[in-house]
Each structure stands twice: as C-alpha cells, then as structure tokens.
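I opened this entry to note how the chains are arranged and how they meet the DNA. My notes follow in the order in which I looked things up.

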2 protein chains.
Amino acid sequence: MSDRPLQEPTLLLLTALADEPRHGYGLIQEIDAISNGRVRMRTGTLYGALDRLLQQGLIRVEREEVVDGRARKVYALDETGRGVLAAETRRLRAVVAEAERRMAAHSTPAVRPKGALA
Amino acid sequence: MSDRPLQEPTLLLLTALADEPRHGYGLIQEIDAISNGRVRMRTGTLYGALDRLLQQGLIRVEREEVVDGRARKVYALDETGRGVLAAETRRLRAVVAEAERRMAAHSTPAVRPKGALA
DNA sequence: CTATATATATCGGTGCACGACATATATTGT
DNA sequence: ACAATATATGTCGTGCACCGATATATATAG
C-alpha cells in the first residue's frame, strides 16, 4: 500500500464511484462527463487501474449482470477507498489553495497601485 | 508539449516557485514546509524535473550565485509555467469539488437521522 | 574529526498511464 | 443485407515521471 499521491486518472475513477457503483464502460462515460470531454480514459488505463484498486482493497466488485445480452461488472467504492479519496481531496484542496495564494502574492507583479490588496 | 496532467511533485515544484525564485535545495525545504513535512522531494525527482521543466519552457534559470562558498542555481517560473499552473489549479479545484459533491451525495449512507444535513 | 546541513547531480528500477490491438453483441444507418 | 457505430471487457508493449541509492564538495556543529 504505497501511500503515494494518486495520479489524476485514478483520482477521477474514485470520484466517479463516490456517489454510486458503476461498471467499467460507464466509468469511461462518467469521467468524460465530469471533465466536460477533456479526459477520455483509455481501456488500457481503466482495466489496469481497476485491477490495481481491487488488489489494494479500495474498490470491490459489487455484482455482475447482463444487460441487453452484454456482460457487465459493477464496481463499488470500499470504505477504505472512500477514506483514501477523502484524504486525497483534503490534500489537493490545500495544495490548490497554496498555489493560488502564491500566485496572488507573486513578488514582481505588474505596477501595483498603492493601497492594493496583497 | 504533452498537456498531460501534472503529477503532484511537479505541481508542488511550480507552486513553490509561484511567489518568488528559489534554488534547488531551497525548493526541497519549501515543499517540505508547504506539505507540513509530508512530502520530501528526492534529489532524483527534483533535478530531473527541473531539467524537464526547463526544456518545456515552464521555468528558467534566473541567476547563478555563490553563498557561503556553495554554488546555487536560482530557478524562476516563466509566464508559460505560470499559465500552466493557473490552468492546472483550476482543473484540480473542479475535480476536488466534484469529488466532495459526490461523497456528500453518496447513495447508501449510514443511518441518516431525519432532518440531518447531507 | 566526525557528523550533519547545504548544494548539485547521475543512474537503475518501478509503477502508472498511454496507445494499439483483440473480441463479442446490439443497434443504427444505407 | 451489410457496414458502421455503440456497448462492453480485456491484453500487451512502450514511455515517462518518480523513487532510492550513490557520488561529490564545502561549511558548520558537536
């Protein structure tokens, strides 16, 4: 269990599972929607990541079903995974806030009118 | 210029450079401080990343100096890098917000007392 | 005089993501 | 009737960022 920071595809996967269980192909579509079409997760990334997350115990196979003659595996976020996602989210919020603070505090900004806020 | 999402060490590097120029070893300390000691950037990661970011034109070598008999290279964030950091920050803020929204909207939450907030 | 802090740099290994390919069924278009 | 696209899961080789170890050198602290 390397507590290395999650890469973005993995983060998006856990995010897409945070509200309710979904199957692989559904995750691709959901992530496409979440990111407004910017991120198109590849099947190579997806199924590899799902296997890894299963092995790490962050997700589980909720059930297998057949819809319209096509087999599906439905994955769900485990409590462990929920914890990891919550922690990662807090971490990233802090980093983002820090980045924004520093960009605003940029030491050599263009002409600063007197009385301007930091 | 592969517009692939930044990994966290790289994001932290740009963040640490966002307010003012710093040298390599100073970046390690700064990142240690930003993350409250959680992230200890390795020199292998650092100098590799600095080379890469220089080549991508996201940062530049501001100056070289000698302090207490030790040589330093001071790196600064370029305008391009500032733009990338700003974009990445916006992106991540959206993902974090989405993750939090979904965790709150979790479909099978533990016993919810009537009238309880999400 | 040794250990630690400051400072830069290289190198081999690992792990995650990417892109291409493979397979199969259902639906839509011509 | 046939082709193309959407749905659905999966494998495999490659690339690249990060990690851990190692190397080098000067200054300061014990």
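Entry 1, the two copies. I began with the interface: 100% of the interface residues of chain B are also interface residues in chain A, so the copies meet through the same surface. The model I am reading is a predicted one. I then looked up the superposition, where a turn of 180° with a shift of 0.0 Å along the axis lays chain B on chain A with an RMSD of 0.1 Å. I wrote this down as the relation of a two-fold axis.

Entry 2, DNA strand D. Which residues come nearest to this strand? I found A:Tyr25, A:Thr43, A:Lys73, B:Arg52 and B:Asp68, out of 24 residues around DNA strand D. Of the atoms of DNA strand D that come within 4 Å of the protein, sugar and phosphate account for 72%. I listed three side chains with a polar atom by a phosphate oxygen of this strand: A:Tyr47 at 3.1 Å, A:Arg72 at 2.7 Å and B:Thr10 at 2.7 Å.

I also checked which elements supply at least two residues each to the surface near DNA strand D: α2, α3 and β3 of chain A, and α1 and α3 of chain B. The largest share, five residues, is that of β3(A). By type, I noted five nonpolar, eleven polar and eight charged residues on the surface near DNA strand D.

Entry 3, DNA strand C. Here I counted 24 residues around the strand, and A:Gln7, A:Thr10, A:Arg52, B:Thr43 and B:Lys73 come nearest. Sugar or phosphate makes up 71% of the atoms of DNA strand C within 4 Å of the protein, and bases make up the rest. For phosphate oxygens of DNA strand C, I found polar side-chain atoms of A:Thr45 at 2.9 Å, B:His23 at 3.2 Å and B:Arg72 at 2.7 Å. Two or more residues of the surface near DNA strand C come from each of α1 and α3 of chain A and α2, α3 and β3 of chain B. I recorded β3(B) as giving the largest share, five residues. The surface near DNA strand C divides into five nonpolar, eleven polar and eight charged residues.

Entry 4, one residue in a helix. I picked A:Thr15, which lies in helix α1 of chain A. Is A:Thr15 buried or exposed? I have A:Thr15 as buried, because its relative accessible area is 0%. A polar atom of the A:Thr15 side chain lies 2.8 Å from the backbone oxygen of A:Leu11. Beyond its neighbours within four places in sequence, A:Thr15 is in contact with A:Ile34, A:Leu85, B:Glu98, B:Ala99 and B:Arg102.

Note on methods. Residues numbered from 1 in each chain as written. Chains lettered and ligands numbered in written order. Predicted model: local features only at pLDDT ≥ 70, side-chain atom pairs only at ≥ 80, totals over all residues. Heavy atoms only, no water. Near = heavy atom within 4 Å. Polar contact = N/O pair within 3.5 Å; in protein donor to acceptor, adjacent residues only side chain to side chain. Nonpolar A, V, L, I, M, F, W, Y, C, P; charged D, E, K, R; others polar. Buried < 20%, exposed > 50% of the residue type's maximum accessible area, 1.4 Å probe, protein only. Contact = heavy atoms within 4.5 Å. Least-squares fit on C-alpha atoms with pLDDT ≥ 70 in both.
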